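Biologist: Take me through one part of this model up close, please. I'd like to know how the start of the chain packs, and then how that part sits in the whole.

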Amino acid sequence: MDNDVSAGSSTTSILGHLALGLTLLAFGIGHTRVIDGVTAADAVSLALYVGGIALFVAGVLEFRGGSAFTGTAFAGLGAFWFTWGTGADAHVSSHAAGLFLLLWALFALTLTLGAAGGGLLAQGTYGLLFLGLLLLGIGQFAGSDGLGKVGGWLAAVAGLAAWYGATAALAHWPTALPGRTAGRGVTAAG
């Protein structure tokens, strides 16, 4: 890496949020089965390479740049996506799959609580991810396709929130709620 190139920049954060957003959208839409013939299994390649490897690398760069929260979020979620992507073809019990999702829901809950100072957009993204993984996990335990679909919708909306935050940062769109005082707006960065 060139000495003039800084790691852990807003550019890295934008790239990480785009990777998270696209992966969550594909994962969530696949679970909703709103598109005929498209399932969550169709998101494996995207989850493995974009959500897993690219997001993990963005997390390492964020750590290097001094951002502990965003580094933790991206590297941790990169590990989640990589593990999910590589294990998607494994034949495990529905309870093992449910436990996997519930454990990662706890990680998403930690991110939700940690994002409290980062603005409503970041906290909302991780909060929706938490709820989505929670319902997907419970749905696996209960054998409920309905809970899985609702969890998929929540994951897709979390993906839209992550995508919007990254796109807003690039396009200089508003991320603050109207009527909020300066400095207390909604931000996409963690």
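Modeller: One thing before we zoom in: a helix here is a DSSP run of H or I at least four residues long, numbered from the N terminus. Also keep in mind that this is a predicted model.

With that settled, V44 is a handy way in, and its place is in helix α2. Its relative accessible area is 18%, under the 20% cut-off, so V44 counts as buried. What touches V44, once neighbours within four places in sequence are set aside? W84, G85 and A88 do. T23 is 21 residues away from V44 along the chain, and their C-alpha atoms are 9.3 Å apart.

T23 takes us over to α1. Two packed helices are described by the angle between their axes and the distance between the axes. For α1 (residues 10–32) and α2 (residues 44–64), the axes come within 9 Å and cross at roughly 155°. That is over the 145° mark, and therefore α1 and α2 run roughly antiparallel to each other. The crossing of α1 past α2 is left-handed. On the α1 side, the residues in contact are T12, S13, G16, A19, L20, L22, T23 and A26, while α2 brings in L46, A47, V50, G51, L55, A58, L61 and E62. Sorted by class, that contact has 10 nonpolar, five polar and one charged residues.

Between those two helices is a loop, and R33 is in it. Most residues other than glycine have a negative phi. R33 isn't a glycine, yet its phi is positive, at about 55°.

Now for the other partner of α1. Helix α3 (residues 68–87) packs with α1 at an angle of about 35°, and their axes are 11 Å apart. Here too α1 makes a left-handed crossing as it passes its partner, α3. From α1 the contact takes T12, S13, G16, H17, L20, T23, L24 and F27; from α3 it takes T70, F74, L77, W81 and W84. The class split for α1 with α3 is seven nonpolar, six polar and no charged residues. Some names come back: T12, S13, G16, L20 and T23 of α1 turn up in the contact with α2 and again in the one with α3. W84 also ties things together, since it touches V44 and belongs to the α3 side of the contact with α1.

Stepping back, the protein has six helices and zero strands, and along the sequence it simply reads α-α-α-α-α-α. Of its 190 residues, 42% are buried. Take the contacts between residues at least 6 apart in sequence: 70% of them join residues at least 24 apart. The exposed surface is about 9400 Å², with carbon and sulfur atoms supplying 66%.

For a contrast with buried V44, try the other end. H172 is in the segment after α6 (145–171), and its relative accessibility is 70%, so it counts as exposed. Like R33, a non-glycine with positive phi, H172 has a positive phi, near 60°. T175 is in that segment after α6 as well. T175 is partly exposed, with a relative accessible area of 23%, and its C-alpha atom is 7.1 Å from that of G165, 10 residues away along the chain.

Definitions and conventions
Residues are numbered from 1 along each chain as its sequence is written. This is a predicted model: local features need pLDDT of at least 70, side-chain atom pairs count only at pLDDT 80 or more; totals for chains, interfaces and linings use all residues. Side-chain values use heavy atoms; hydrogens and water are left out. Axes are lines fitted to C-alpha atoms, for helices over the stretch in contact, and angles run from 0 to 180 degrees between N-to-C directions. Angles under 35 degrees count as roughly parallel, over 145 as roughly antiparallel, 65 to 115 as roughly perpendicular and the rest as oblique. A crossing is left-handed if the near helix is turned anticlockwise from the far one by less than a right angle, and right-handed if clockwise. Contact means heavy atoms within 4.5 Å. Ala, Val, Leu, Ile, Met, Phe, Trp, Tyr, Cys and Pro count as nonpolar, Asp, Glu, Lys and Arg as charged, and the others, Gly among them, as polar. Buried means under 20% relative accessible area, exposed over 50%, partly exposed in between (1.4 Å probe, protein chains only). Accessible areas come from the Shrake-Rupley method with a 1.4 Å probe; for residues, only the protein chains shown count as cover.
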